[in-house]
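Reader: Hello! I am new to this structure and would love a close look at one part of it, the cavities inside. Could you walk me through them and then show me how they sit beside the rest of the chain?

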Amino acid sequence: RHLLDRDLREETVRVGALWRFTLATAQRKIPAALLRAHVQREIQVHLAASPHGRVSRSQRQEIRQMVTERLLPTMPYQLSGIDLVHIPETPWLFSTATSAAQNDVLVAQWSATFGVAPDPMIPESLAALRRPGISASWRPVSFAPEVADDACEVQPGHEFLTWLWHAAETGPGVFDLPGVGEIGVLVEGPLTFAREGSGAHETVLRRGEPTQSLEAKAALLAGKKLKSARLTFARGDEQWAAQFNAAEFTAGALRLPNPESSDPVGRLEDRATLLDTWREILTALVDRFLDLRDSASDWSATRRAMQDWVRSRSERK
């Protein structure tokens with residue numbers, strides 16, 4: 001019912017047809033400007049007392065630690081929360097946790113509270129759920145014509161997002177997906193490309209038209225795959241858009257279609273339904289990718305087509 005509510009009973013967590021929770025945390029924090037001011041004052045005191053008129057780096061670190069230990073107990077607690085919604089009779093729990101650290105805390109606290117640990121929907125777990133055993137047989141793959149497969153890593157999420165970009169750009173950009181209908185897919189920047197190995201591991205492209213840039217071409221030719229991008233799904237007049245992280249399958253700054261209801265409970269139920277539709281679209285696209293990845297002949301043809309796509313991008317002006 002509110003951020004500090006710890007009385008978890010069905011009547012306190014149920015909102016309409018949904019179950020709603022908040023993982024609340026209270027933490028003391030020192031404002032950066034305040035900490036900096038106190039540290040500088042202590043440094044001035046040490047400079048005045050130093051025969052050499054200087055303070056070493058190790059002394060600065062000790063001063064900062066001393067000031068932190070002195071100020072922290074006097075700071076007020078700052079409250080924050082991770083919101084969660086569960087749609088009854090489904091296996092899905094939606095949360096506002098979009099980082100690995102937040103998810104680790106959430107899983108630990110949920111397990112301690114309810115005695116069962118939720119399984120984060122990362123590429124590996126989703127692949128295991130939709131196609132048991134498929135990811136165990138995957139081998140590294142390169143979409144760059146001049147980069148060998150063995151020089152790459154097995155990265156299911158990166159492979160999926162790069163494939164989705166290729167499929168949306170080289171086809172009509174519309175997918176007929178079971179259960180959700182025809183969905184238009186648009187891949188836009190900011191883009192993050194990643195590949196372990198020598199040189200820069202990540203390439204981040206912002207502003208302008210990153211998908212058509214020379215830098216995107218160079219990243220693909222270097223064997224990098226798409227790690228994150230802005231995804232837009234469209235169905236009729238409805239649009240879903242988010243900065244999608246393929247490594248963790250998280251949707252940052254997710255924008256949903258406008259809910260139809262005007263009352264608070266109805267709006268929450270509508271938004272939960274729209275959120276579940278985002279998940280259905282994403283899962284259906286993953287199924288399409290897994291069908292290709294699980295077929296030796298289909299995946300070989302897809303890999304060649306993607307390498308041709310990367311090669312053709314290198315010929316663009």
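Author: Happy to help; the cavities come next, followed by the chain as a whole, a group of strands and two single residues.

Please keep in mind that this is a predicted model.

How many cavities of 30 Å³ or more are there? The count comes to 2. The largest cavity has a volume of about 60 Å³, and the second largest has about 30 Å³.

Let's start with the largest cavity. Its lining is made up of Pro123, Leu126, Ala127, Trp138, Pro156, Phe160, Phe249, Val286, Phe289 and Leu290. Three elements give two or more residues each to this lining: α5 (123-130), α6 (156-170) and α8 (264-293). If you look at the kinds of residue around this cavity, you will find 10 nonpolar ones, with no polar and no charged residues.

The second largest cavity has another set of residues around it: Phe143, Ala144, Thr162, Leu220, Gly223, Lys224 and Lys225 line it. Sorted by class, this lining holds 3 nonpolar, 2 polar and 2 charged residues. So that you can place both cavities, let's step back to the chain.

The protein chain has 9 helices and 10 strands. Its radius of gyration is 25 Å, whereas the globule rule gives 20 Å for 317 residues; the computed value is well over that, so the chain is more spread out than a compact globule. Along the principal axes, the C-alpha trace spans about 75 × 60 × 35 Å. Of the 317 residues, 38% count as buried.

Now for the strands. Lys225, one of the residues lining the second largest cavity, belongs to strand β8, which covers residues 225-235. Strand β8 pairs with strand β6 (residues 181-194) in the antiparallel sense, over 8 bridges. You can find this pairing by looking for Val185, which stands opposite Phe233 in β8. Strand β8 also pairs with strand β9 (residues 238-245), again in the antiparallel sense and over 8 bridges. Here Ser228 is a good landmark, as this residue stands opposite Asn245 in β9. Strands β8 and β9 form a hairpin with 2 residues between them. In the turn, Gly236 has a positive phi of about 65 degrees. As you follow these strands, a general point may help: in a regular strand, side chains alternate between the two faces of the sheet.

Two single residues round off the tour. Gln65 is found in helix α3, which runs over residues 57-71. Is Gln65 buried, exposed or partly exposed? Gln65 has a relative accessible area of 44%, so this residue is partly exposed. The side chain of Gln65 is joined to that of Glu69 by a polar contact of 2.9 Å. For a sense of scale, the C-alpha atoms of Gln65 and Ala241 are separated by 43 Å, and the two residues are 176 apart along the chain.

His86 is placed in strand β3 (residues 77-86). With a relative accessible area of 17%, which falls under the 20% cut-off, His86 counts as buried. A polar atom of the His86 side chain lies 2.9 Å from the backbone oxygen of Trp92.

Notes:
Residues are numbered from 1 along each chain as its sequence is written. This is a predicted model: local features need pLDDT of at least 70, side-chain atom pairs count only at pLDDT 80 or more; totals for chains, interfaces and linings use all residues. Side-chain values use heavy atoms; hydrogens and water are left out. On a 1 Å grid over the protein atoms alone, a cavity is a set of points where a 1.4 Å probe fits but cannot get out, and a pocket is an open set with protein on both sides within 12 Å along at least five of seven lines; lining residues have an atom within 4 Å of a point. Grid points are joined across faces, edges and corners, and a volume is the space filled by probe spheres set on the points. Helices (H or I, at least four residues) and strands (E, at least two) are DSSP runs, numbered from the N terminus. Ala, Val, Leu, Ile, Met, Phe, Trp, Tyr, Cys and Pro count as nonpolar, Asp, Glu, Lys and Arg as charged, and the others, Gly among them, as polar. Buried means under 20% relative accessible area, exposed over 50%, partly exposed in between (1.4 Å probe, protein chains only). A polar contact is a pair of N or O atoms within 3.5 Å; within protein, one must be able to donate a hydrogen and the other to accept it, and residues adjacent in sequence count only if both atoms are side-chain atoms. Two strands pair if DSSP finds at least two bridges between them. The radius of gyration is taken over C-alpha atoms; the globule rule is 2.2 Å times the number of residues to the power 0.38.
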